[in-house]
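Biologist: Hello! I am new to this structure and would love a close look at one part of it. Could you walk me through the aromatic rings and what surrounds them?

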Amino acid sequence: MIALALLFILAQCTSDDIQSEQCNCESATVTEENKDVEAVVVFIQGNNPNGNQGPDNYVLSNDSADFKRSSHVAGPNILVPCDSLSTNFRKQGLKVLISYKRKDCYGAITQPTLHGNYGYFVDLTAIKAKNL
């Protein structure tokens, strides 16, 4: 019985979701490709005493609930482009249609006040503003 429990625990520890080192675009591999996904641009303020402790960042959210509000939900819905968004798309709340290759690295953004990491790195293959 103990051996079976130990095997179960070891199996859980080898899960692909666990990051053995810090996420980065260069070492992460592509796990899925998505085309024509609706998303919204999210601005994350850097060096904010109540949140992110890094540079300003423009990311994307594919959570439809984020389309209607000025904030975002931290989680797997956050997509962090490996190459920064062009200035044409750096507008909080801008609705876009994107195609991308998602990397296996979850934890692209660190927010000390949330005591964790969230978001996936992505290679954008296409982006355009969505017609309203």
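**A close look at the aromatic rings**

Modeller: Happy to! Let's start at Y120: the charged end of R102 sits over the ring of this tyrosine, 3.8 Å from the ring centre. Please keep in mind that this is a predicted model.

Y120 itself is buried, because its relative accessible area is 13%, under the 20% cut-off. Now for the ring pairs, of which there are two. In one of them, the rings of F43 and Y58 have centres 5.0 Å apart, and their planes meet at 45°, so this pair is tilted. F43 belongs to strand β1 and Y58 to strand β2 (residues 57–61), so the pair links distant parts of the chain, 15 residues apart. Both rings belong to partly exposed residues: F43 has 30% relative accessibility, and Y58 has 25%.

The other pair brings us back to Y120, whose partner is Y106. Their rings are 4.9 Å apart, centre to centre, with 55° between the planes, and this pair is tilted too. Y106 lies in strand β4 while Y120 lies in strand β5 (residues 116–129), so the two rings tie together parts that are 14 residues apart in sequence. Y106 is partly exposed, with a relative accessible area of 28%, whereas Y120 is buried at 13%.

So, to draw the picture together around Y120: its ring pairs with that of Y106, and the charged end of R102 sits over it.

Note on methods. Residues are numbered from 1 along each chain as its sequence is written. This is a predicted model: local features need pLDDT of at least 70, side-chain atom pairs count only at pLDDT 80 or more; totals for chains, interfaces and linings use all residues. Side-chain values use heavy atoms; hydrogens and water are left out. Rings of Phe, Tyr and Trp (its six-membered ring) pair if their centres lie within 6.5 Å; planes under 30 degrees apart count as stacked, over 60 as edge-to-face and the rest as tilted. Helices (H or I, at least four residues) and strands (E, at least two) are DSSP runs, numbered from the N terminus. Buried means under 20% relative accessible area, exposed over 50%, partly exposed in between (1.4 Å probe, protein chains only). A charge sits over a ring if NZ of Lys or CZ of Arg is within 6 Å of the ring centre and within 35 degrees of the ring normal.
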